[in-house]
Each structure stands twice: as C-alpha cells, then as structure tokens.
Amino acid sequence: MTDQTDYVPPKVWEWKQGNGGQFANINRPIAGATHDKDLPVGKHPLQLYSMGTPNGVKVTVMLEELLAAGHAGAEYDAWLIRISNGDQFGSGFVAANPNSKIPALVDRSGAEPVRVFESGAILIYLAEKFGAFLPTDYPARAEVLAWLMWQMGSAPFLGGGFGHFYAYAPVKIEYAIYRYAMEVKRQLDVLNRRLGESEYLGGPDYTIADIAAWPWYGALVSGLVYDAAEFLQVKDYANVIRWADAIAARPAAKRGRMVNRVMGDPASQLWERHDAGDFDTKTQDKVGATS
C-alpha cells in the first residue's frame with residue numbers, strides 16, 4: 001500500500017462542521033433533539049418510524065412476514081423518517097429512540113405505549129409478541145440469537161466501515177478501504193461456510209437471524225449496495241448468493257423492501273405504508289404532501 005502520512009491527529013479532537021462527506025449535515029458529536037416535532041400516529045397499534053436503509057428493511061420485512069403468516073395484529077403504519085433531512089433529531093423521534101437512529105417502533109396495543117429501538121431488539125420484541133420466527137426450544141433458540149447478535153456486531157464494519165470509505169468518503173483512503181474490505185470478505189466467508197451446512201442461518205427454518213442479515217449481506221452480494229460486488233468478488237460466495245436469492249423471492253420480503261424506500265426505481269418505492277392496499281397504489285398517490 002502507498003504511504004499516507006499527511007494527517008497527524010491533534011492532541012484534542014475538535015468538531016469541524018462540514019468535514020464529513022455526504023452525511024456531514026447530519027453527523028454531530030452530541031445527542032438530543034434539534035427541533036420540536038411530534039411523531040404522527042396512524043390507525044394501527046404498531047407505529048413504525050423508519051427509512052428503507054438495511055436496518056429499516058429488517059423491521060418492515062419482519063412485519064410483512066408476520067402478516068403473511070396470518071398474524072393480523074401485526075398490521076402497522078410505517079412513517080417515513082428522512083435521515084438526510086435530520087428528521088431523526090425531532091423531539092418526538094428522540095423520545096422514541098434516544099439514539100436518533102432508525103428504525104423506532106411504538107407499540108400502542110396495551111394500556112401504555114411501549115417504545116422499542118435498535119433493529120435487533122425490535123425483531124426480538126415482535127418475534128416474542130407474535131410467537132413467530134424465533135424458536136422457543138434450545139439449542140435452536142440460542143443458535144438463532146447468536147446469529148442475530150453476529151449480524152448486529154458485524155454490520156457496522158460493512159456499513160460504517162467498508163461502505164463509508166469505499167462509496168461515500170470524500171477522500172479515498174487506501175488503508176481504510178483495504179482494512180474494511182478484508183473484514184467484509186471474512187464476514188462473507190463466515191456466512192458462506194455456515195450456509196454451506198444449513199439452509200438458513202439458524203438452521204432449517206427461516207428466522208429473525210435471516211431477516212436481520214439479508215438486507216445487509218443479501219443486498220451486498222446482489223449488487224444493490226455500494227456497487228462493490230465485483231470489487232469484493234462476491235461470486236466466490238455461492239452459498240450466500242443462494243440464500244440471498246431465496247429470501248428475495250419471498251413475497252413478504254419483496255414488500256418489506258419497498259416500505260419507506262426513497263431510492264432506486266420509483267416502482268420499488270412505497271414511502272409510507274398504512275394498509276396492505278398501499279402496495280397496489282403508486283407511492284405519490286398514497287403519501288402526497290405528507291412526506
């Protein structure tokens with residue numbers, strides 16, 4: 001690798017606003033709300049506030065899978081949180097998620113609203129609420145939860161690490177790209193080996209472990225994020241591709257990937273979802289001036 005020694009860290013870090021590339025306008029070193037804005041509330045007990053990034057897709061796929069499995073209580077309203085506009089720093093959203101990251105879920109089915117944040121926590125909450133996509137017996141349950149936690153710990157190296165430096169950073173840094181590409185390829189090898197011995201991550205059944213990993217690693221090997229499939233030689237991970245294609249063919253996964261999506265083919269976008277019929281109507285006809 002080339003010798004890159006131009007930058008010397010200062011003794012004390014200082015926030016330089018605007019020095020953050022594509023996401024400089026929303027990155028900041030402090031938490032809390034920047035403005036007052038209540039969250040909208042729809043007609044269903046489950047209220048989701050999100051955007052169609054991989055972490056957001058986890059939850060919308062889960063909800064659509066629950067509905068497809070016959071759990072009518074999983075009907076939900078999905079409200080678009082435009083993170084590039086800083087919607088996640090509104091007072092209502094911060095009350096639902098103090099970490100100001102999508103997705104956030106509010107369950108209003110009981111006497112008191114229950115807020116749930118962090119995508120993995122939301123998947124577990126919904127799985128336990130409806131008794132689906134998470135085994136109750138051991139060791140199957142332990143295996144699924146282990147792979148779920150694996151995804152939660154690994155994806156930041158894929159998104160915030162490789163994805164940021166390869167696709168979004170204002171300056172291409174060879175060391176950073178090399179370091180994170182190596183880690184992502186190691187993760188893909190972990191998945192490929194597991195999926196060579198098991199149909200799904202947790203075993204023979206489709207679970208929240210797959211629902212969590214697919215929006216990240218399925219999108220990566222399918223060329224849907226970072227435009228890095230050739231760079232990472234994803235064709236070498238045949239078992240991951242088989243798994244990703246199988247999930248992508250599921251009608252509920254297709255629907256879930258559309259919800260709160262604001263990028264790509266307009267036909268693949270459903271900015272907000274308030275009932276099942278929304279998938280049959282063009283996005284702009286359903287959300288109008290509300291987004």
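Hi everyone. Let me start with a pair of helices: helix 4 and helix 6 are roughly parallel to each other, because their crossing angle is under 35 degrees. This is a predicted model, by the way, so please hear everything today in that light. The angle itself is roughly 25°, and the axes of helix 4, residues 140–168, and helix 6, residues 208–221, come within 8 Å. As for handedness, helix 4 and helix 6 make a left-handed crossing.

Who makes that contact? On the helix 4 side you have Val144, Trp147, Leu148, Trp150, Gln151, Ser154, Ala155, Leu158 and Gly159. Helix 6 answers with Ile208, Ala209, Ala212, Ala213, Trp216, Tyr217 and Leu220. Sorted by class, the contact between helix 4 and helix 6 has 13 nonpolar residues, three polar ones and no charged ones.

Now stay with helix 6 and bring in helix 1. The axes of helix 1 and helix 6 also come within 8 Å, but here they cross at roughly 140°. Helix 1 and helix 6 are therefore oblique to each other. This crossing of helix 1 and helix 6 is right-handed.

From helix 1, the contact uses Pro54, Asn55, Val57, Lys58, Val61, Met62 and Glu65. From helix 6 come Ile208, Ile211, Ala212, Trp214, Pro215 and Trp216. The class count for helix 1 with helix 6 is ten nonpolar, one polar and two charged residues. If you are following along in the structure, look at Ile208, Ala212 and Trp216 of helix 6: they are listed in the contact with helix 4 and also in the contact with helix 1.

On to the sheet. In what order do its four strands run? The order is 2-1-3-4, in an open sheet with mixed pairing. The edges are strand 2, at 76–80, and strand 4, at 114–117, each pairing on one side only. From one strand to the next, the twist averages 20°.

Let me zoom in on one edge. Strand 4 pairs with strand 3, residues 104–107, in the antiparallel sense, over four bridges. One bridge to find on your screens joins Asp107 to Val114 in strand 4.

Helix 1 comes back here, too. Helix 1, residues 54–68, packs on the sheet and touches strand 1, at 46–50, as well as strand 2; its direction makes about 150° with that of strand 1. Helix 3, residues 119–130, lies across strand 1, strand 3 and strand 4, and runs at about 130° to strand 4.

So, to tie up: helix 1 packs on the sheet, and its axis also comes within 8 Å of that of helix 6. Thanks, everyone!

How values were computed:
Residues are numbered from 1 along each chain as its sequence is written. This is a predicted model: local features need pLDDT of at least 70, side-chain atom pairs count only at pLDDT 80 or more; totals for chains, interfaces and linings use all residues. Side-chain values use heavy atoms; hydrogens and water are left out. Axes are lines fitted to C-alpha atoms, for helices over the stretch in contact, and angles run from 0 to 180 degrees between N-to-C directions. Helices (H or I, at least four residues) and strands (E, at least two) are DSSP runs, numbered from the N terminus. Angles under 35 degrees count as roughly parallel, over 145 as roughly antiparallel, 65 to 115 as roughly perpendicular and the rest as oblique. A crossing is left-handed if the near helix is turned anticlockwise from the far one by less than a right angle, and right-handed if clockwise. Contact means heavy atoms within 4.5 Å. Ala, Val, Leu, Ile, Met, Phe, Trp, Tyr, Cys and Pro count as nonpolar, Asp, Glu, Lys and Arg as charged, and the others, Gly among them, as polar. Two strands pair if DSSP finds at least two bridges between them.
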